[in-house]
Each structure stands twice: as C-alpha cells, then as structure tokens.
Amino acid sequence: MVAGTARRAFEDLAGALASAIRDAQDAGEVAEHVDATALGYLLLSVVRGIDCMAKAGVDAATLRQTAR
C-alpha cells in the first residue's frame, strides 16, 4: 500500500515535469525530439537524488554544483 502510494506520487510528479517540458517544447525552448516523459523522470530522479544527498549531510556547495 505505501509503495503504491509512493509510486503514484512519483508518477504525478514526473507527469507534471513532463507537462512543463512539453510546454517548453511548444515555446521552442526544448528540442521537439526530446522524450518529455523520459526527461520528466530523469529530472525527478536528479531532484530526489539531490534531496537524498542533502539528508546524508553533503555540503551545500556540492549540492548547488550538482543541480547546475
């Protein structure tokens, strides 16, 4: 049950990111050939990874550099 709830939350977040990417594609800011869904999941993975790093005590400068 908890795993299913977490999976749906991640799907929702990745979907919101994919929607923003599609908007950026429509505006010409992201190449049309980019798979918005795949990129949404990639961005979610990066954000969650940075969050995990922060919780593990990685210094702020490293976290900012990672985000860049």
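This passage describes the fold, the second helix, two individual residues and the salt bridges of a predicted model.

The protein contains 3 helices and 0 strands, and along the sequence the elements follow the pattern α-α-α. The radius of gyration is 14 Å, well over the 11 Å that the globule rule gives for 68 residues, so the protein is more spread out than a compact globule. Along the principal axes, the C-alpha atoms occupy a box of roughly 40 × 35 × 15 Å. Of the 68 residues, 16% count as buried. Among contacts with a sequence separation of 6 or more, 27% are between residues 24 or more positions apart.

Helix H2 comprises 20 residues, from 36 to 55. At 1.5 Å a residue, H2 should span 28 Å, and the end C-alpha atoms are 28 Å apart, which agrees with that expectation. Four residues of H2 are buried, namely Ala36, Gly40, Leu44 and Ile50. These residues cover an arc of only 125 degrees around the axis, which puts them on the same side of H2. The packing partners of the buried residues are helix H1, residues 2-26, and helix H3, residues 60-67.

Both ends of H2 show local features. At the N-terminal end, Asp35 acts as a cap, with a side-chain oxygen 3.0 Å from the backbone nitrogen of Thr37. Just after H2, Gly57 adopts a positive phi of about 95 degrees.

Gln25 belongs to helix H1. With a relative accessible area of 13%, Gln25 falls under the 20% limit and is therefore buried. The side chain of Gln25 reaches the backbone oxygen of Val34 at a distance of 2.8 Å. Val34 also appears among the contacts of Gln25 when neighbours within four places in sequence are left aside; the full set is Val30, Ala31, Glu32, Val34 and Ala36. Of this set, Ala36 is itself one of the buried residues of H2.

Ala60 is located in helix H3. Its relative accessible area is 43%, and Ala60 is therefore classed as partly exposed, a class that lies between the 20% and 50% limits. The C-alpha atom of Ala60 is separated by 24 Å from that of Tyr41, and the two residues are 19 residues apart along the chain.

Side chains of opposite charge can pair when their charged atoms come close. In this model the count comes to 3 salt bridges. One of them links Arg7 and Glu11, with the closest N and O atoms 3.4 Å apart. Both residues lie in helix H1, at a spacing of 4 residues, or about one turn of the helix. Arg7 is partly exposed, with a relative accessible area of 47%, and Glu11 is partly exposed as well, at 36%.

Helix H2 contains a further pair, Arg48 and Asp51, whose side chains meet in a salt bridge with an N to O distance of 2.6 Å. Arg48 and Asp51 are 3 residues apart in H2, about one turn of the helix. Relative accessibility is 33% for Arg48, which counts as partly exposed. For Asp51 the value is 27%, and this residue also counts as partly exposed.

Asp51 forms another salt bridge, with Lys55, in which the closest N and O atoms are 3.4 Å apart. Asp51 and Lys55 are separated by about one helical turn, because they are 4 residues apart in helix H2. At 65% relative accessibility, Lys55 is above the 50% limit and so counts as exposed. Through shared partners, the salt bridges join Arg48, Asp51 and Lys55 into one network.

Definitions and conventions
Residues are numbered from 1 along each chain as its sequence is written. This is a predicted model: local features need pLDDT of at least 70, side-chain atom pairs count only at pLDDT 80 or more; totals for chains, interfaces and linings use all residues. Side-chain values use heavy atoms; hydrogens and water are left out. Helices (H or I, at least four residues) and strands (E, at least two) are DSSP runs, numbered from the N terminus. The expected span of a helix is 1.5 Å times one less than its number of residues. Buried means under 20% relative accessible area, exposed over 50%, partly exposed in between (1.4 Å probe, protein chains only). The arc is that of the directions from the helix axis to the C-beta atoms. Contact means heavy atoms within 4.5 Å. A polar contact is a pair of N or O atoms within 3.5 Å; within protein, one must be able to donate a hydrogen and the other to accept it, and residues adjacent in sequence count only if both atoms are side-chain atoms. A salt bridge is a side-chain nitrogen of Lys or Arg within 4 Å of a carboxyl oxygen of Asp or Glu. The radius of gyration is taken over C-alpha atoms; the globule rule is 2.2 Å times the number of residues to the power 0.38.
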